[in-house]
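Here is a friendly walk through the side-chain contacts and the strand layout of one protein model. Have the viewer open as you read.

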Amino acid sequence: MDRERTLERLREICLGLPETSERLSHGAPSFFVRGKHVFLMVLTDHHGDERFAIWCPAPDGMQGMLVEADPERFFVPPYVGHRGWLGVRLDRGLDWNELAGIVEDAYVEVAPPRLVEAARARR
């Protein structure tokens, strides 16, 4: 039940950004900009890793900084970690302001400049 509530809140944050949508990708709820570019995936026990987490692109240097600062909450996800994507555990206590910032950063990494401007104007 907590996972469903967490997913619902993440859904609100992600779908509140301009021209976003949700669909399953590789069996995981995933959020896209203009239906093409994924900016966040929600994974539960991916290949037995026992994590409830998100994977998302992060600004240059952010992945390393967060993983080093708090390896209990942040990690380098498989498959996409080499491209700077960040893994964030959702089962280690949540700071919703921090998580919203991470989601917005991920969106900025893949959204076209016009949509980024629209998202910033909404704040």
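A residue counts as exposed when its relative accessible area is over 50%, as buried when it is under 20%, and as partly exposed in between. Tyr 79, at 55% relative accessibility, therefore counts as exposed. Please keep in mind that this is a predicted model.

**The sheet**

Let us begin with the strands. Six of them form an open sheet in the order β1-β2-β3-β4-β6-β5, with antiparallel pairing. At the edges are β1 (20-25) and β5, each of which pairs on one side only. Four bridges join strand β2 (residues 28-33) to strand β3 (residues 37-44) in the antiparallel sense. Facing Val 38 in β3 is Phe 32. The ring of Phe 32 has another partner as well: Arg 23 lies over its face, at 3.7 Å from the ring centre. A similar arrangement involves Arg 51, whose charged end sits over the ring of Phe 75, 3.7 Å from the centre.

**Aromatic pairs**

How many aromatic pairs does the structure hold? There are two. Phe 39 and Tyr 107 make an edge-to-face pair, with 5.6 Å centre to centre and 85 degrees between the planes. This pair links distant parts of the chain, since Phe 39 is in strand β3 and Tyr 107 in helix α3, 68 residues apart. Phe 39 is buried at 0% relative accessibility, and Tyr 107 is buried at 1%.

The rings of Trp 55 and Tyr 79 have centres 6.4 Å apart and planes at 45 degrees, so this pair is tilted. Trp 55 belongs to strand β4 (residues 52-57) and Tyr 79 to the loop between β5 and β6 (85-89), so the pair ties together parts that are 24 residues apart in sequence. Trp 55 is buried, with a relative accessible area of 4%, whereas Tyr 79 is exposed.

**Salt bridges**

Side chains of opposite charge can pair when their charged atoms come close. A search of the whole structure finds 10 salt bridges. Among them are these:

| Residues | N to O distance |
|---|---|
| Arg 5 and Asp 2 | 2.4 Å |
| Arg 73 and Asp 70 | 3.2 Å |
| Arg 73 and Glu 98 | 2.1 Å |

Arg 5 and Asp 2 are both exposed. They are three residues apart in helix α1 (residues 2-15), so about one helical turn separates them.

Arg 73 forms a salt bridge with Glu 98. That pair links distant parts of the chain: Arg 73 is in the loop between α2 (62-69) and β5 (74-75), Glu 98 is in helix α3 (residues 96-110), and they are 25 residues apart. Is Arg 73 buried or exposed? At 19% relative accessibility, Arg 73 counts as buried, because the cut-off for buried is under 20%. Its partners Asp 70, at 22%, and Glu 98, at 28%, count as partly exposed.

Elsewhere, Glu 8, Arg 11 and Glu 22 are linked in a network of salt bridges.

**Cysteines**

How many disulfides does a search of the whole structure find? It finds zero. Cys 14 is in no disulfide, and the nearest cysteine sulfur, that of Cys 56, is 8.9 Å away. A disulfide needs the two sulfur atoms within 2.5 Å. Cys 56 is likewise in no disulfide. Cys 14 is buried, with a relative accessible area of 0%, and Cys 56 is buried with a relative accessible area of 0%.

Definitions and conventions: Residues are numbered from 1 along each chain as its sequence is written. This is a predicted model: local features need pLDDT of at least 70, side-chain atom pairs count only at pLDDT 80 or more; totals for chains, interfaces and linings use all residues. Side-chain values use heavy atoms; hydrogens and water are left out. A salt bridge is a side-chain nitrogen of Lys or Arg within 4 Å of a carboxyl oxygen of Asp or Glu. Helices (H or I, at least four residues) and strands (E, at least two) are DSSP runs, numbered from the N terminus. Buried means under 20% relative accessible area, exposed over 50%, partly exposed in between (1.4 Å probe, protein chains only). Two strands pair if DSSP finds at least two bridges between them. Rings of Phe, Tyr and Trp (its six-membered ring) pair if their centres lie within 6.5 Å; planes under 30 degrees apart count as stacked, over 60 as edge-to-face and the rest as tilted. A charge sits over a ring if NZ of Lys or CZ of Arg is within 6 Å of the ring centre and within 35 degrees of the ring normal.
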